[in-house]
Amino acid sequence: MKLSIILAPYDSGHFHGGCGQGPDALISGGLVEAMTLAGHDIAVKDIGKVGDAQEREIATGFAVCNAVAAEVQAARDNGRVPIVLAGNCLTSAGAVAGEDADAIVWADQHGDLNTPETSIYGFLDGMALATVLGLCWRPMASAIPGFHAIDPSCCVLVDARDLDPAETELLATLPVIRTECPGVAKAAERLIAAGAKRTHLHLDLDVHDPEELQANRYAHPGGPAPAELRQAVCDLARLLPVVGITISAYDPAFDARGDVPPLVGQLLTDLLATVERS
Ligand SMILES: NC(=[NH2+])NCCC[C@H](N)C(=O)O
């Protein structure tokens, strides 16, 4: 399969800081080699330095989205499936825009459903899914080339278990489909019934059970083992048209043994084999 791996190495406005080191660490951990061995034709594109000189989190976060949207669109123009390696989860808003996605599967330890009215941490990524669903940061999001908010009924939230009280309240008012990994097939059926035709797959690596795999500083108990997540994304890809993938929030400082890159390689290889067959 022709793939474009797009690197967006930012964390909260910081180029190559924290989870912003994740994309490069995945590449130096052998991701391209693993996928080339699996028969894929890979082009790697790094968005480089974007945003303003002050590295403001919000301005830079959306500048990253704009750059990613353009690279994803360019990948599609060249017949390549886009795979975005991101430090920040907000980056998926750019991927969704470039892919013209109308549905999203969001696998994450967190809900990322805060808004500026409810955030208690002031962390833009804690509002990432809310932004994708058109619930906040609307002027900034609509300025991303190609961005259309995804209807909450076309969103599946997988294994989110560390929710802030306001996120739980908001979720109770939204038709977002919630599931754990073993239930994704049912969730996919509901997504199709809701009209999903072009699904973006967002994988925050902290969705994993931290006892099995810790991807960053967040370590809330529960969540899937790597093999369970792999199975779930393959089940999804068998049932849904997946148009692109974001792998987000890997901070190599929490992975001294370098366990994460080969597991991401295995996940993407299995997932793409399923996409190819479907
Ligand atoms: N994508 C992430 N890392 N999200 C973590 C969010 C944590 C917390 N709920 C917040 O709003 O700040």
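## Reading a predicted fold, step by step

Student: I have found D100 in the loop between α4 (92-99) and β6 (103-107). What is the phi of D100 near?

Tutor: Good place to start, and do remember that this is a predicted model. As a general idea, a negative phi is what most residues other than glycine have. In this chain, D100 has a phi near 55°, a positive value in a non-glycine residue. Its relative accessibility is 39%, and since the partly exposed class runs between 20% and 50%, D100 therefore counts as partly exposed.

Student: Where is E55 placed, and what is its phi near?

Tutor: E55 is in the loop between β4 (41-46) and α3 (57-77). Its phi is near 55°, again positive in a residue other than glycine. With a relative accessible area of 27%, E55 is partly exposed.

Student: Now the whole chain. How many helices and strands does the chain have?

Tutor: You will find 10 helices and 10 strands. The radius of gyration is 17 Å, close to the 19 Å that the globule rule gives for 278 residues, so the chain is as compact as a globular protein of that length. Along the principal axes, its C-alpha trace spans about 45 × 45 × 40 Å.

Student: What share of contacts between residues at least 6 apart in sequence joins residues at least 24 apart?

Tutor: That share is 73% in this chain.

Student: And how should I read the interior: how many residues are in the largest nonpolar core?

Tutor: The general idea is that nonpolar side chains tend to be buried together in soluble globular proteins. Here, buried residues make up 56% of the 278 in the chain. The largest nonpolar core has 77 residues, and I247 and L268 have the most contacts inside it. Helix α10 (residues 260-277) gives the most to this core, with 6 residues. Take L268 as a worked case: leaving aside neighbours within four places in sequence, it is in contact with L31, M35, I83, I245 and I247. Apart from this core lies another, of 13 residues, including A8, Y10, V72 and A86.

Student: Last one: how much space lies in the largest pocket, and which residues are closest to its centre?

Tutor: About 450 Å³ of space lies there. Its lining has 27 residues, of which H110, F123, G126, R217 and Y218 are the closest to the centre. To read the character of the lining, sort it by class: 11 residues are charged, 9 polar and 7 nonpolar.

Methods:
Residues numbered from 1 in each chain as written. Predicted model: local features only at pLDDT ≥ 70, side-chain atom pairs only at ≥ 80, totals over all residues. Heavy atoms only, no water. 1 Å grid on protein atoms, 1.4 Å probe; cavity = no way out; pocket = protein on both sides within 12 Å on 5 of 7 lines; lining within 4 Å. Points joined across faces, edges and corners; volume = space filled by probe spheres on them. Nonpolar A, V, L, I, M, F, W, Y, C, P; charged D, E, K, R; others polar. Core = buried A, V, L, I, M, F, W, Y, C linked by side-chain atoms within 4.5 Å. Buried < 20%, exposed > 50% of the residue type's maximum accessible area, 1.4 Å probe, protein only. Helix = DSSP H or I, 4+ residues; strand = E, 2+ residues; numbered from the N terminus. Contact = heavy atoms within 4.5 Å. Rg over C-alpha atoms; globule rule 2.2 N^0.38 Å.
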